[in-house]
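Subject: Handing over a structure

Hi,

Here is the structure I promised to pass on. Have a look at it first, and then read my notes on the pockets and the ligand below.

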Amino acid sequence: MATLNHNYEKLPGSYLFSTVGKKVRKYETEHPGAKVIRLGIGDVTQPIAPEIITALHKAVDEMGREESFRGYAPDLGYGFLRETIAEKDYRDHGCKVSADEIFVSDGAKGDCGNIQEIFGTDNVIAVQDPVYPVYVDSNVMAGRTGKYDAVRQMFEGVVYMPCTRENGFLPELPKEDPDLIYLCFPNNPTGAAMKKEQLQKWVDYAVSHKAVILFDAAYEAYIREPGVPHSIYECEGAKECAIEFRSFSKTAGFTGLRLGFTVVPKELRTEGVSVRDLWARRHGTKYNGAPYIIQRAGEAVYSESGQKQIRDQISWYMGNAGIISEGLKKAGYEVSGGVNAPYIWMKTPGDMTSWEFFDYLLEKANVVGTPGSGFGPHGEHYFRLTAFGNRENTIEAISRIQAL
Ligand code: MLT
């Protein structure tokens, strides 16, 4: 008789963004005339940059000619892309990362969710609270947590590291002794960023405690301030204790194209075994490589004009972030984030819970955001807006909120 993985039954409700989507669609069905503006899920709205489109066309044409047709991609990624990433994202910035430490995939979400598979189920995980739900949910599915405590809104057996207004939304080093530490900087959802000296303390902690840091750097392209590291490998000793995830989604608008990569350094050993080799084994077994045409598009991101075009796009989104932050502050809201990240983290007014504010904003202003409590208990009474909308809608959304 087939049985189920009952760990799935510990997960409350559906995935956060599906819940938000369902609620909005229901509202739209019931209010057909409403002009709803979506600043909820962090999905890009600007078209793919011209240099990348040219590379896509060229690669598509290659696939249509016998002499340049490509079948299965190398499962760890094409050499041309891995080499380019190692050079432009790392070596040019003083980080010694080589092409064979880079694993190309169809995006950071999958990698962040899958990485836990190569670690023992007895590992204790630590997460920032609020947190991107994928880190916790994937560990719940793998049986690495106890049951869900609906009152505290926490899974038993997980170390939650509060990120609050008081600590500037930066977690403190845990007193418990976690084995796997998920860090996301610039942070989703709070938009907070860590300075290099602060991140160095985490690297030192992980080295001395033999823990592994799973560092999600999906939003590094949005960093504006000096002193904020773009990669954890800027910190001394990080290659012995950290895995880094990167994504083309928010950097170059690939949420629909799908491309990302994970860096697993050769120096990282757990129980004397190379973690890199285990991830290579896992990747090679379960994945047949990102599509050739998408990897060529990824390569074009690093060309001179590709870089200029995506930087302009990112600055444009950050213009939206400024409009949202300033507009909300003028309306009297307490706001953070939006400086090194495309997310604005706002305190809900009065005593409203995050979901009460979600309903209020949807009904009274027809604006959609993401309830902070969906990211964890310390997200309660907070709300996230994204800078990824188009300009007109962003301005309109903020003036509707101001008018409330
Ligand atoms: C978000 O809104 O947090 C992101 O779009 C989620 C993701 O990147 O998967």
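How far does a polar side-chain atom of R384 lie from an oxygen atom of the ligand? The distance is 2.7 Å.

Before the rest, some housekeeping. This is a predicted model, in which local features need pLDDT of at least 70 and side-chain atom pairs count only at pLDDT 80 or more, while totals for chains, interfaces and linings use all residues. Residues are numbered from 1 along each chain as its sequence is written, and side-chain values use heavy atoms, with hydrogens and water left out.

**The ligand**

R384 has company: Y132 puts a polar side-chain atom 2.5 Å from a ligand oxygen, and for K250 a side-chain N or O atom is 3.0 Å from an oxygen atom of the ligand. (A polar contact here is a pair of N or O atoms within 3.5 Å.) On its own the ligand exposes 270 Å², and the protein buries 85% of that (accessible areas by the Shrake-Rupley method with a 1.4 Å probe). The residues around the ligand, with a heavy atom within 4 Å of it, are F17, I41, G42, K109, Y132, N188, K250, Y343 and R384.

**The second largest pocket**

A pocket is an open set of points on a 1 Å grid over the protein atoms alone, where a 1.4 Å probe fits, with protein on both sides within 12 Å along at least five of seven lines; lining residues have an atom within 4 Å of a point. The second largest one has a volume of about 450 Å³, counted as the space filled by probe spheres set on the points. It is lined by 20 residues, with G42, K109, Y132, K250 and R258 closest to its centre. Helix α4 (108–114) gives three residues, the largest share; helices are DSSP runs of H or I, at least four residues long. By class, the lining has nine nonpolar, five polar and six charged residues, with Gly counted as polar and Tyr as nonpolar.

**The largest pocket**

This one has a volume of about 620 Å³. Its lining has 25 residues, and P12, S14, P133, D137 and G374 lie nearest the centre. Two elements, α1 (16–30) and α5 (133–141), give two or more residues each, and α5 gives the most, with six. The lining divides into 15 nonpolar, eight polar and two charged residues. At least three of the lining residues come from each of domain 1 (14–47 + 305–403) and domain 2 (53–304), with bounds from an automatic or database domain assignment.

Cheers

Methods:
Polar contact = N/O pair within 3.5 Å; in protein donor to acceptor, adjacent residues only side chain to side chain.
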